Every structure is written in C-alpha cells, then in structure tokens.
Amino acid sequence: MKPRVLIAPAPLQDIEHVYGPAITAAGAELVFPGKPHQLSEAELLEVLPGCVATLAGSEPYTRAVIAAAAAKGLKVIARAGVGYDAVDLAAATEHGVAVTFAPGTNQESVAEHTFTLILALARHLIRQHNGIAAGGWPRQTNRPIRGTVLGVLGLGRIGKAVARVGRNFGMTVIGHDPYADSAYCAANGIELLPMDDVFRRADWVSLHMPMLPESRQCVNARTLGLMKPTAFLINTARGGVVCEPDLFDALKNNRIAGAGLDVFENEPPGANPLLTLDNVVMTAHTAGVDLLSRDDMARAAGEAIARLITGVWPADWVVNPAVKAAFESRG
Ligand SMILES: NC(=O)c1ccc[n+]([C@@H]2O[C@H](COP(=O)([O-])OP(=O)(O)OC[C@H]3O[C@@H](n4cnc5c(N)ncnc54)[C@H](O)[C@@H]3O)[C@@H](O)[C@H]2O)c1
Ligand SMILES: O=C(O)[C@H](O)COP(=O)(O)O
C-alpha cells in the first residue's frame, strides 16, 4: 500500500496540480478529507491516523492529534504557510514528527493586504460604501497616508515588505524587533526604536511578529494607552498577540482611531464584540493567501513532504531540527 498524505486545507484541494506531482513522484497517494471548512481537532483525529504526512493549513495539531497519528505512522506536518503556532511543536518533537514551514512564500501578499486595510481605514471605504448603498451620499474628508508614520512591529520577511511599501507611499517608517537586522533597517530607511516608542510615535501600528509566549497579548491596555488617539492598529499577524477585550475598550472609547483586523483569537470569531464597532475593518484571515502566494505555499509544502518521505532532510524548512535523530530512527 502506498503511504498516504493528507491534504488538510479545503482551499488547496483544487490546486492538486501544484503540490501533487512532487508527492506522487515520491511514491505516496493524496487523501482529501472532503470537508469545505477548516478541520477541527475531532476531524483530524478521524482522518490523520494512517497518513505518513499532512500538508497542513491552520487546523489544530494538538498533542492528542499528534500522539494518535504518530502511533499510526505520521512523520511529517508540512505547513503550507508561515505561522506554525497551531502545531504543538514539543509534542511533534517528542513523537519524532518533523514540522516544516514555507518561509518567504507570502510576504508580498500580506504586505498588499496590510495596505488594503490601511487604505480602507484612511479612505473610510466601508462607511462610504455602506452609506451609498443605503441611499446616502456620505462625503468625508479622507486621511492621507503619505507623510504619516508607519510603525512596524516584527521586521522579518513580512515586516520588511510592509516597510518597503510604506516607504513607497511616502510614509516615515519606524519599527521594533528584538532580533532586528539593523544593517538592513539602516540601509532601507527604517528607524529602530524600543517597542513603546513605536506605539507612541506611529500613526499606524502594524503587527508582524510570530505568535509566541513572549508576544502573546503584547498589544494590551498599557501599550494601546501609549498610542495617539488619531492612530490605528493593523493586525495581520495572529489574534493572540492582541488582548481583544482591551482593544475593544480602546476602540469603543475612541482611545485610538480604529483598527484593521485580519486575524482573531478565535477564528471564525463568533460573537466577538469587536464585530459590532464601526471603526474596525475586518477580513477573514486572508492576508497571506492570493493566487500567487497560495501556489508558492502549497508547492513548498508538497516539496518538503516529498523530500522527507524519500529521506532528504530539508534543513531550511524544518522548524524542529531536534527531531532529526528520532525522525530518522523511525525509518
Ligand atoms: N494573516 C495571514 O494570513 C498571515 C500570513 C503570513 C504570516 N502571518 C503571520 O505573520 C508572522 C510573521 O511572518 P514572517 O514571514 O514575517 O516571519 P519572520 O520569521 O520572517 O519574521 C518575524 C519577525 O518577528 C520578530 N519578532 C519575534 N518576536 C517579536 C516580538 N515580540 N516583537 C517584535 N518582533 C518580534 C522576529 O525577530 C522576526 O524578525 C507569522 O508568524 C504568522 O503568524 C499571517
Ligand atoms: O501563517 C501563514 O502563512 C498564514 O496565516 C497563512 O496560512 P493559513 O491561511 O493556513 O492560516
């Protein structure tokens, strides 16, 4: 019987031609769960055991899922994306499961999306559209973004792309990253500052750090309180980097001017009070996915799976290198 590879994300099921050839050339067969939505933990527990690898979206690879699937031969969780906070890395490493990601495949998509949110807020897009659709003619003075200060928190691949677009819009770019590439920032007009100073000075605070214990709710009542009342928060990183009740209070009481949100603590967000505010523009965690980046993310994940199941170690893509010896001893 051929090894089975789960293609977990519903949006990737119709681009089999992108990732399929590498996986099938490696001797495996593709398994489609046939669900239109993101798989739940219970659904993963049903479909993943018996598969050697999963081409993974943002579904929850919990300790329970990994233990059950590893016991039945799972060896690879390959994220078709960048963030891997939905995978319990410690559990994967303990069970000899290699976790890979696809760095550098979606930064231009996220940068375009970040400016979609910024421009929608600056130009009152949703209010004007809804006002006209309701029979009104809601003329408002727009905010320029040229000449304003863009604050980028997290200056990795996405933060750098966002900074570049901001400079091209005529913005002053400031930023903070505990591991900043200071030579790159100096050469590209990005002024590095302590995090609190970015909150104080920016007209737009844009979040591009990973979801880590250290970054959890780093946007909270204290840091929102440092922002100018005319400033906006943009979150295309992860919902958990923002304390949502504190953001709601800041927006409701006009402590800050507005927010553009692509990500939420829970997705879909359900009865989240942020959804009731008219100074918020929202999208459904789509910043990283456009017709170009989707293929790049899926192709990289398919290639990572093909290499790992044929015994080639893709060092640049494995996020838990400590698993190597255990992975190889599983044969
Ligand atoms: N909304 C989406 O569709 C979408 C798409 C892609 C990525 N993302 C999110 O964006 C994140 C960043 O992606 P990337 O490709 O730029 O990753 P990256 O690893 O290239 O960059 C992340 C940067 O954040 C920095 N950082 C770490 N902790 C920080 C902190 N506490 N404060 C400030 N900076 C910190 C790191 O030093 C690094 O330079 C991903 O982890 C993912 O969660 C979201
Ligand atoms: O981390 C990422 O790269 C993005 O969030 C896109 O991945 P997703 O659409 O599977 O969440």
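## Surroundings of ligand 2

In this predicted model, ligand 2 is surrounded by G57, S58, R79, G81, V82, G83, N106, R238, H285 and V289. By class, this shell holds 2 nonpolar, 6 polar and 2 charged residues.

Oxygen atoms of ligand 2 take part in polar contacts with both side chain and backbone. In the side chain of R79, an N or O atom is 3.0 Å from an oxygen atom of the ligand. The backbone of V82 places an N or O atom 2.6 Å from a ligand 2 oxygen, and for a backbone N or O atom of G83 the distance to a ligand 2 oxygen is 2.7 Å. On its own, ligand 2 exposes 300 Å², and 84% of that is buried by the protein.

## H285 in the ligand 2 shell

H285, one of the residues around ligand 2, sits in the loop between β12 and α12 (291-309). Its phi is near 50 degrees, a positive value in a residue other than glycine. Is H285 buried or partly exposed? Because its relative accessibility is 26%, H285 counts as partly exposed.

## F101, in contact with residues of the ligand 2 shell

F101 belongs to the loop between β5 (98-100) and α5 (107-122). Leaving aside neighbours within four places in sequence, the contacts of F101 are R79, G81, V82, Y84, D316, W317 and V319. R79, G81 and V82 are also among the residues around ligand 2.

F101 has a relative accessible area of 15% and is therefore buried. Its C-alpha atom is 7.0 Å from that of A301, although the two residues are 200 apart along the chain.

## Surroundings of ligand 1

Ligand 1 has 25 residues around it, of which I158, D177, T236, D262 and G288 are the closest. The shell comprises 11 nonpolar, 10 polar and 4 charged residues.

Two of those closest residues, D262 and G288, also appear in the polar contacts that follow. A nitrogen atom of ligand 1 is 2.9 Å from a polar side-chain atom of D262. A polar backbone atom of G288 lies 2.9 Å from an oxygen atom of the ligand, and a polar backbone atom of G156 lies 3.4 Å from a ligand 1 oxygen. Ligand 1 alone has 860 Å² of accessible area, and the protein covers 87% of it.

## The annotated domain

An unreviewed UniProt entry lists residues 115-287 as "domain: D-isomer specific 2-hydroxyacid dehydrogenase NAD-binding". In the model, this stretch is 33% helix and 16% strand, and its end C-alpha atoms are 10 Å apart.

## T223 and helix α10

Helix α10 covers residues 221-226 and includes T223. Which backbone atoms does the side chain of T223 reach? One is the backbone nitrogen of N220, at 2.9 Å. The backbone oxygen of C218 is also 2.9 Å from a polar atom of the T223 side chain.

With a relative accessibility of 1%, T223 counts as buried, because the cut-off is under 20%. Outside its neighbours within four places in sequence, T223 is in contact with M195, D196, F199 and C218.

## Backbone features in loops

Q217 lies in the loop between β9 (204-207) and α10. Its phi, near 50 degrees, is positive in a residue other than glycine. Q217 is partly exposed, with a relative accessible area of 28%.

Where is P268? It is in the loop between β11 (258-261) and β12 (280-282). The peptide bond leading from E267 to P268 is cis, with omega near -5 degrees.

Terms used. Residues numbered from 1 in each chain as written. Chains lettered and ligands numbered in written order. Predicted model: local features only at pLDDT ≥ 70, side-chain atom pairs only at ≥ 80, totals over all residues. Heavy atoms only, no water. Near = heavy atom within 4 Å. Polar contact = N/O pair within 3.5 Å; in protein donor to acceptor, adjacent residues only side chain to side chain. Areas by Shrake-Rupley, 256 points an atom, 1.4 Å probe, with all protein chains shown as cover. Nonpolar A, V, L, I, M, F, W, Y, C, P; charged D, E, K, R; others polar. UniProt positions renumbered as here; feature names shortened; annotations may be inferred. Helix = DSSP H or I, 4+ residues; strand = E, 2+ residues; numbered from the N terminus. Buried < 20%, exposed > 50% of the residue type's maximum accessible area, 1.4 Å probe, protein only. Contact = heavy atoms within 4.5 Å.
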